[in-house]
Amino acid sequence: MSKRDLKKYLSELNKEQLEEQIIELYEKFSPVKVYYDFAFNPKEDKLLQECKVKISQEYFPIKKPNAKWRPKAKMRRSVAQKYIKHFISLGVDPFVIADVMLFNLEIAQTFSAQNFIKQELFYKSMFNSFEQAVNFTISNGILNEFKPRIIAVEQETMQQKWKNRHDFETILDKID
């Protein structure tokens with residue numbers, strides 16, 4: 001069904017029928033429920049905090065009480081990417097999304113400053129995240145607000161002597 005056909009179909013329904021359909025969608029489909037729950041009660045601060053906790057736990061997992069050993073860091077970029085994609089689909093403020101993007105990089109750098117990481121994929125993945133964050137801030141017109149954090153991330157790659165640090169530098173050169 002095309003968008004035009006859908007509009008035609010919806011225009012033929014009365015208000016009561018429209019309400020019934022929306023309620024049915026709300027009850028049947030989880031993404032619709034999530035969308036409406038957010039649309040009518042946008043607790044961006046709460047979502048942001050939950051997100052940051054989850055991302056932090058990827059690098060610094062919390063030892064459970066009575067556990068004999070500390071869980072190993074998973075360092076999955078995908079956790080942050082899922083949140084970012086989810087926030088974009090909900091229409092969360094671009095400032096919040098950019099904050100998450102940069103937080104993911106900053107927490108990964110905090111981890112790598114304390115731990116030797118030999119996986120080449122980690123560095124490539126962090127570069128992809130950096131590039132995505134820079135492009136996102138530019139496309140949303142918020143680069144100036146986040147530029148100090150972006151520069152700090154790039155400088156930290158130099159300080160830690162990441163293998164692909166010059167790729168980060170190249171991205172930064174493009175925005176200056």
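## Report on a predicted helical model

Lys161 is exposed, with a relative accessible area of 60%. This residue belongs to the loop that runs between α8 (143–159) and α9 (165–175). Its phi is near 55 degrees, a positive value in a residue other than glycine. The coordinates described here are those of a predicted model.

A second non-glycine residue with positive phi is Met75, at about 55 degrees. Met75 is placed in the loop between α4 and α5. Unlike the exposed Lys161, Met75 is buried, because its relative accessible area of 18% falls under the 20% limit. Gly91, just after α5, also takes a positive phi, of about 85 degrees.

Arg165 is found in helix α9. With a relative accessible area of 24%, Arg165 counts as partly exposed. Beyond its neighbours within four places in sequence, Arg165 is in contact with Thr157 and Met158. Arg165 also lies 7.4 Å from Glu154, C-alpha to C-alpha, although eleven residues separate the two in sequence.

Lys52 lies in helix α4 (residues 44–59). The residue is buried, with a relative accessible area of 17%. Its side chain makes a polar contact of 2.9 Å with the side chain of Asp99. When neighbours within four places in sequence are set aside, the contacts of Lys52 are with Asp99 and Phe103.

The accessibility values of these four residues are collected below.

| Residue | Relative accessible area | Class |
|---|---|---|
| Lys52 | 17% | buried |
| Met75 | 18% | buried |
| Arg165 | 24% | partly exposed |
| Lys161 | 60% | exposed |

Two helices may be described by their spans. Helix α2 (residues 15–28) has 14 residues, which should span 20 Å at 1.5 Å a residue; its end C-alpha atoms are 20 Å apart, in agreement. The N-terminal end of α2 is capped by Asn14, a side-chain oxygen of which lies 3.1 Å from the backbone nitrogen of Glu16. Helix α5 has 14 residues and reaches 20 Å from its first C-alpha to its last, close to the 20 Å expected. The buried residues of α5 are Val79, Ala80, Gln81, Tyr83, Ile84, Phe87 and Leu90. The elements that cover these buried residues include α3, α4, α6 (94–114) and α7 (120–139).

Rolling a probe the size of a water molecule over the atoms shows where empty space is left. The largest pocket holds about 240 Å³ of space. Its lining consists of Val34, Asp37, Phe38, Asn41, Lys43, Lys46, Leu47, Glu50, Tyr83, His86 and Leu90. Helices α3 (30–40), α4 and α5 (77–90) each supply at least two residues of that lining. Tyr83 and Leu90, both in the lining of the largest pocket, are also among the buried residues of α5. By class, the lining has five nonpolar, two polar and four charged residues.

The volume of the second largest pocket is about 180 Å³. This pocket is lined by Lys72, Ala73, Met75, Phe111, Asn115, Phe116, Ile117, Lys118 and Gln119. Five nonpolar, two polar and two charged residues make up the lining of the second largest pocket. Met75 thus appears in this lining as well as in the loop between α4 and α5.

Methods
Residues are numbered from 1 along each chain as its sequence is written. This is a predicted model: local features need pLDDT of at least 70, side-chain atom pairs count only at pLDDT 80 or more; totals for chains, interfaces and linings use all residues. Side-chain values use heavy atoms; hydrogens and water are left out. Helices (H or I, at least four residues) and strands (E, at least two) are DSSP runs, numbered from the N terminus. Buried means under 20% relative accessible area, exposed over 50%, partly exposed in between (1.4 Å probe, protein chains only). A polar contact is a pair of N or O atoms within 3.5 Å; within protein, one must be able to donate a hydrogen and the other to accept it, and residues adjacent in sequence count only if both atoms are side-chain atoms. Contact means heavy atoms within 4.5 Å. On a 1 Å grid over the protein atoms alone, a cavity is a set of points where a 1.4 Å probe fits but cannot get out, and a pocket is an open set with protein on both sides within 12 Å along at least five of seven lines; lining residues have an atom within 4 Å of a point. Grid points are joined across faces, edges and corners, and a volume is the space filled by probe spheres set on the points. Ala, Val, Leu, Ile, Met, Phe, Trp, Tyr, Cys and Pro count as nonpolar, Asp, Glu, Lys and Arg as charged, and the others, Gly among them, as polar. The expected span of a helix is 1.5 Å times one less than its number of residues.
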